[in-house]
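Q: Hello! Please take a close look at a single part of this model, the pairing of its strands, and tell me what surrounds that part, with cut-offs for each term.

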Amino acid sequence: MSIMSNAKRAFAVAAATATLFSMAACGSSNAASSSNSDSAAASSGKIEVVASINQWGSVAKDLGGSNVEVTNIMTKTNVEAHDYEPTSQDVAKFGTAKVAVVNGADYDPWATKAAQSTKATLVTAAETAGIKEGDNPHVWFSAKVRSNAADAITAAYQKADPSHKDDYAKLNKEWHAKEDQLESKIKETSAKTENLPYAATESVAWHLADDLKMTDATPKGYAQASANESEPTPADIKDFQDTLKGGSIKMLVFNSQEANSTTDQITGAAKDVNVPIVELTEQMPKQYTNLLDWMSALVDQFAAAVK
């Protein structure tokens, strides 16, 4: 798993804090801007929602329907998500939101900090399943977290907009029906993938692989370097390549969003010995507007990669 380094986390949180402070210091001009934004949201009759990442934003949209206006901060798959540094505009968006949805588990600490400084009802996806800092933060890949977070978002909507409580309950039921279909697919696929040893260039999809009952066989030295966001040693890389050549690893999971010369060596070794590669990204690709559709497509990729 790749986790933002302490220095980068501290910088991002400090930037968010400084931005919030400067916004407050600006006084009447920002107050007027915020008031205008609030008035616009109120006149539309919609709940203003801000999500730190697009995958949770898609869930927020599905659960709110026409009653919500959702803004996503992170949407690109061509940047290293753990290195993301929010702009003042990003942070300011939390100021007028009634509901804020963040990932948590120290994945987007700048967003948590920004949301906590506002009146928005905060939904932290990781916390809904007891996942905390130090655990694998890529929790949108987890069926349990998706389900729990969806219920927390619905509760936040019903609190912010009680007049549409029944609408949100209906949308929640419809969303869970789709999640149930996805989980049925995961269960069916796990009949093929259970105990299958796989390795990963980064443990971004660890939760999904765990739901598929797969066994993480990533060589220890490389895995530890990835978890610490440090460079694996030449010995770690060779060990990974040799393990792939040895035939014990039956699938390689590759996060193309954080591709580099090291991952090129690993994927190259996998191709040399015909180890199937499941390529994915950390953020939801633009061809998907729905987290569940993306997860379903990934499950299909895992199933197709099983020899």
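A: Two strands count as a pair if DSSP finds at least two bridges between them; helices (H or I, at least four residues) and strands (E, at least two) are DSSP runs, numbered from the N terminus. The model is predicted, so local features need pLDDT of at least 70 and side-chain atom pairs count only at pLDDT 80 or more, while totals for chains, interfaces and linings use all residues. Residues are numbered from 1 along each chain as its sequence is written, and side-chain values use heavy atoms, with hydrogens and water left out.

With that settled, let's begin with the whole chain. It has 12 helices and 8 strands, and 51% of its 307 residues are buried (under 20% relative accessible area with a 1.4 Å probe, protein chains only; exposed is over 50%, partly exposed in between). Of the contacts (heavy atoms within 4.5 Å) between residues at least 6 apart in sequence, 66% link residues at least 24 apart.

One open sheet has 4 strands in the order E2-E1-E3-E4, with parallel pairing. Its edges are E2 (68-74) and E4 (121-124), each with a single partner strand, so one side of each has no neighbour in the sheet. On average, neighbouring strands here are turned by 20° against each other, direction ignored.

Strand E3 (residues 99-102) is a good place to zoom in. It is joined to E4 by 4 bridges, and the two run parallel. Val 99 has Thr 121 of E4 as its bridge partner, and Val 101 has Val 123 in E4. Towards E1, 3 bridges make the parallel link with E3, and Val 50 stands opposite Ala 100 of E3. Both faces of E3 are covered: Val 99 and Val 101 are buried on one side, Ala 100 and Val 102 on the other. Helix H6 (residues 143-160) packs on this sheet, touching E1 (47-53), E2, E3 and E4, and its direction makes about 175° with that of E4 (axes are lines fitted to C-alpha atoms, for helices over the stretch in contact, and angles run from 0 to 180 degrees between N-to-C directions).

Now for the other open sheet, where 4 strands follow the order E6-E5-E7-E8, again with parallel pairing. E6 (215-216) and E8 (277-280) are the edge strands, each pairing on one side only. Between E5 and E6, which run parallel, there are 2 bridges; one feature of this link is that Tyr 198 has Asp 216 in E6 as its bridge partner. Helix H11 lies across E7 and E8, running at about 150° to E7.

Helix H10 rounds off the picture. Its buried residues are Asp 236, Ile 237, Phe 240, Gln 241, Thr 243 and Leu 244. Seen down the axis of H10, these fall within an arc of 160° (taken from the directions from the helix axis to the C-beta atoms), so they line one face of the helix. They pack against strand E5 (197-200), helix H9 (220-227), strand E7 (251-255) and helix H11 (261-272). On the face turned away from that buried side are the exposed residues Pro 234, Ala 235, Lys 245 and Gly 246. Just after H10, Gly 247 takes a positive phi of about 90°.
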